[in-house]
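Visitor: I have just opened this one and don't know my way around yet. Could you walk me through it, beginning with the charged side chains?

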Amino acid sequence: IKTEEDSEAVLGLADRTALTMLSKTILLLPPYEGEISNIRMVMGIIWINMKKSMLNGGELRLHGTQAVAGIRGTIVAMEELGNETRFWLLTGKVDVTS
């Protein structure tokens, strides 16, 4: 999924989890593989308001070029710059590894 300059995309899931992609963002969404789902950020900024019920209690993993974050029931933002991956935690808990 790709957004161009001066555009945004909001992906709404059945459990009311929302993924907001800001302009110039590229996400790769692989097929669902059980309780853990993976999103790969190629570039840009994404905001995620994740509900605790997402994926039947599972975890969402955000993969950047420099770090991976595992999130559950939280609000988090991620920015991928190519040589740097940044995370902002607004509520909840996030486990980040390089």
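Guide: The side chains of Glu 5 and Lys 24 meet in a salt bridge, with 3.8 Å from N to O; a salt bridge here is a side-chain nitrogen of Lys or Arg within 4 Å of a carboxyl oxygen of Asp or Glu. This pair links distant parts of the chain, as Glu 5 sits in the segment before β1 and Lys 24 in the loop between β2 and β3, 19 residues apart. This is a predicted model, in which local features need pLDDT of at least 70 and side-chain atom pairs count only at pLDDT 80 or more, while totals for chains, interfaces and linings use all residues. Residues are numbered from 1 along each chain as its sequence is written, and side-chain values use heavy atoms, with hydrogens and water left out.

Visitor: Is Glu 5 buried or exposed?

Guide: Glu 5 is exposed, because its relative accessible area is 53%, whereas Lys 24 is partly exposed at 45%. The cut-offs are under 20% relative accessible area for buried and over 50% for exposed, with partly exposed in between (1.4 Å probe, protein chains only).

Visitor: How many salt bridges does the whole structure have?

Guide: A search of the whole structure finds four. One of them joins Glu 4 to Lys 2, where the closest N and O atoms are 3.7 Å apart; Glu 4 is partly exposed at 49%, and Lys 2 counts as exposed at 55%. Another joins the side chains of Arg 86 and Glu 84, at 2.9 Å from N to O. Salt bridges that share partners join Glu 79, Glu 84 and Arg 86 into one network.

Visitor: Back to Lys 24 for a second: what is its phi?

Guide: Lys 24 has a positive phi of about 55° although it is not a glycine. Most residues other than glycine have a negative phi. Asp 6 also has a positive value, with phi near 60°. Asp 6 lies in the segment before β1, which covers residues 9-12, and it is exposed, with a relative accessible area of 75%. The C-alpha atoms of Asp 6 and Leu 22, which are 16 residues apart along the chain, are separated by 8.3 Å.

Visitor: Changing topic, how many helices and strands are there?

Guide: The protein has zero helices and seven strands, so the elements run β-β-β-β-β-β-β from the N terminus on. Helices (H or I, at least four residues) and strands (E, at least two) are DSSP runs, numbered from the N terminus.

Visitor: And what is on the inside?

Guide: Buried residues make up 38% of the 98 residues in the protein. The largest nonpolar core has 16 residues, among which Ile 46, Ile 48 and Ile 71 touch the most other members. The elements that give two or more residues to this core are β2 (18-21), β4, β5 (59-63) and β6 (68-80). A nonpolar core is a set of buried Ala, Val, Leu, Ile, Met, Phe, Trp, Tyr and Cys residues joined through side-chain atoms within 4.5 Å.

Visitor: Which residues does Ile 48 touch?

Guide: Leaving aside residues up to four places away in sequence, Ile 48 touches Ala 18, Leu 19, Leu 60, Leu 62, Ile 71, Thr 74, Ile 75 and Val 76, where contact means heavy atoms within 4.5 Å.

Visitor: Where is Ala 77, and is it buried or exposed?

Guide: Ala 77 is in strand β6 and counts as buried, at 1% relative accessibility. Its C-alpha atom is 5.0 Å from that of Trp 88, which is 11 residues away along the chain. Among the residues that Ala 77 touches, with those up to four places away in sequence not counted, are Ile 46, Trp 47 and Phe 87.

Visitor: What about Thr 85: what does its side chain reach?

Guide: The side chain of Thr 85 reaches the backbone nitrogen of Thr 65 at 3.5 Å, and it makes a polar contact with the side chain of Glu 80 at 2.6 Å. A polar contact is a pair of N or O atoms within 3.5 Å; within protein, one must be able to donate a hydrogen and the other to accept it, and residues adjacent in sequence count only if both atoms are side-chain atoms. Thr 85 lies in strand β7, residues 85-97, and counts as buried at 15% relative accessibility.
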